[in-house]
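Thanks for sharing this one. Below are my notes as numbered points, so you can go through them with the structure open beside you.

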Amino acid sequence: MTEHNPVTEASAVKIPTLPDAQTVTSVKHWTDRLFSFRVTRPASLRFRSGEFVMIGLMGDPHPETGKQKPLLRAYSIASPSWDEELEFYSIKVQDGPLTSKLQHIQPGDEIILRPKPVGTLVHDALLPGKRLWLFATGTGFAPFASLLRDPQTFEDYDQIIMTHTCRDVAELDYGRELIDTLRTDEMMVELLGEENLSKLVYYPTTTRETSPKMGRITDLLKDGTVFGDLGIDGISADTDRAMVCGSLGLNTDIKEILEGFGLEEGANSDPKHYVVEKAFVG
Ligand code: A2P
């Protein structure tokens, strides 16, 4: 008689689960360089709209030891704090250690998500003001996709100007669709209020493909085009507040422009006139 060990739960080979695993619920590819995805939200995760978390996947096994280490990057949460899932918006870098793999995730797959939200693009880091400028390039739109779905953004200001600069027209799609949803989706209109939504100005620009408004936002601010287009006198520390999320170049150049108008950089512990997300990497 051959004896088989009964397969019980304890003896069955268990596939190791990821630490801090969350399940992918949907994925949308916007262009060959951009995609967004949604994942389950840990029940205990509370965050302020505009914050980021570390997310990632397990890296390849070490060639000698076979050990795997998590490969994590800072990602702004693109969904609002009231959403039951979490949304992220990402670039695809073909030889990027994380995004070369992350771009292939499918619904049902697991990712690692460390549930410790932090960041400077939060309302608490700004002094009260009348006009809020949100400056984004590329996937730097993500934290603003969260803030624009948060009623507080509209309650705190008389005007919100969302600028988004991308290389090509198709790279504006994620942001454009989000802005359209705010204005047309019944639930969003009810949540944010029609009057509040009339405070929102969307100012998309492209730099490499022809579109109705071309040029880097920095150049359009410097030569006064933005102010002319929007019928605004300029930027002043008395009335204007700003949040910046984009390439390193954008961060440095916008900082100089804002400081030229007399604005000072704020932080969670020291609210001032503008904030920049430094954890953001292209
Ligand atoms: P450009 O095409 O002139 O480089 P990327 O896709 O490389 O992250 O860039 C996103 C957008 O940000 C592009 O339109 C790019 O313009 C623009 N950009 C890059 N650097 C700056 C900067 N220093 N100031 C303003 N916009 C910038």
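1. Let me begin with a pair worth putting on screen: Lys101 and Asp60 form a salt bridge, with their closest N and O atoms 2.6 Å apart. Lys101 sits in helix H1 (residues 99-102), while Asp60 belongs to the loop between strand S3 (52-58) and S4, so this contact ties together parts that are 41 residues apart in sequence. Lys101 is partly exposed, at 27% relative accessible area, whereas Asp60 counts as exposed, at 57%. Please keep in mind throughout that this is a predicted model.

2. Other charged residues are linked into a group. Arg38, Asp83, Glu85, Glu87 and Arg149 are joined into one network by salt bridges that share partners. Within this group, Arg38 pairs with Asp83, and their closest N and O atoms are 2.9 Å apart. Arg38 is in strand S2 (residues 34-40) and Asp83 is in the loop between strand S4 (70-76) and strand S5 (85-91), so the pair connects parts that are 45 residues apart in sequence. Arg38 and Asp83 are both buried.

3. Glu87, a further member of that network, is located in strand S5. Its relative accessible area is 9%, so Glu87 is buried. The side chains of Glu87 and Arg149 are joined by a polar contact of 3.3 Å.

4. How many salt bridges does a search of the whole structure find? The count is 16. One more that I would look at is between the side chains of Glu51 and Arg48, at 3.1 Å from N to O. Here Glu51 is buried, with 5% relative accessibility, while Arg48 is partly exposed, with 32%. As general background, side chains of opposite charge can pair when their charged atoms come close.

5. Next, the ligand. There are 13 residues around the ligand, and those that come nearest are Arg33, Thr207, Arg208, Arg216 and Asp253. From the side chain of Arg33, an N or O atom is 2.9 Å from an oxygen atom of the ligand. The backbone takes part as well: a polar backbone atom of Cys166 is 3.2 Å from a ligand oxygen, and a backbone N or O atom of Leu250 lies 3.2 Å from a ligand nitrogen. The ligand taken alone exposes 560 Å², of which the protein buries 83%.

6. Why is there no disulfide between Cys166 and Cys245? The closest cysteine sulfur to that of Cys166 is the one in Cys245, and at 12 Å it is too far away for a bond. Seen from the other side, the sulfur of Cys245 has its closest cysteine sulfur in Cys166, again at 12 Å and too far for a bond. With a cut-off of 2.5 Å between the sulfur atoms, the count comes to 0 disulfides. Both cysteines are nevertheless buried: Cys166 has a relative accessible area of 3%, and Cys245 has 0%. For reference, a disulfide is a covalent bond between the sulfur atoms of two cysteines.

7. On the surface, look for the nonpolar patch formed by Trp82, Met187 and Leu191, which together have about 280 Å² of accessible area. Met187 is part of helix H5 (residues 186-192). At 45% relative accessibility, Met187 counts as partly exposed.

8. For a contrast in the interior, turn to Ala145 in helix H2 (residues 142-147). Is Ala145 buried or exposed? Ala145 counts as buried, at 0% relative accessibility. The C-alpha atoms of Ala145 and Ser76 are separated by 9.6 Å, and the two residues are 69 residues apart along the chain.

9. Finally, the overall picture. The chain contains 9 helices and 11 strands. Its C-alpha trace spans about 90 × 35 × 35 Å along the principal axes. Of its 282 residues, 48% count as buried.

Conventions:
Residues numbered from 1 in each chain as written. Predicted model: local features only at pLDDT ≥ 70, side-chain atom pairs only at ≥ 80, totals over all residues. Heavy atoms only, no water. Patch = residues over 30% accessible without salt bridge, like charges linked within 9 Å, V, L, I, M, F, W, Y side chains within 5 Å. Areas by Shrake-Rupley, 256 points an atom, 1.4 Å probe, with all protein chains shown as cover. Salt bridge = Lys/Arg side-chain N within 4 Å of Asp/Glu carboxyl O. Helix = DSSP H or I, 4+ residues; strand = E, 2+ residues; numbered from the N terminus. Buried < 20%, exposed > 50% of the residue type's maximum accessible area, 1.4 Å probe, protein only. Near = heavy atom within 4 Å. Polar contact = N/O pair within 3.5 Å; in protein donor to acceptor, adjacent residues only side chain to side chain.
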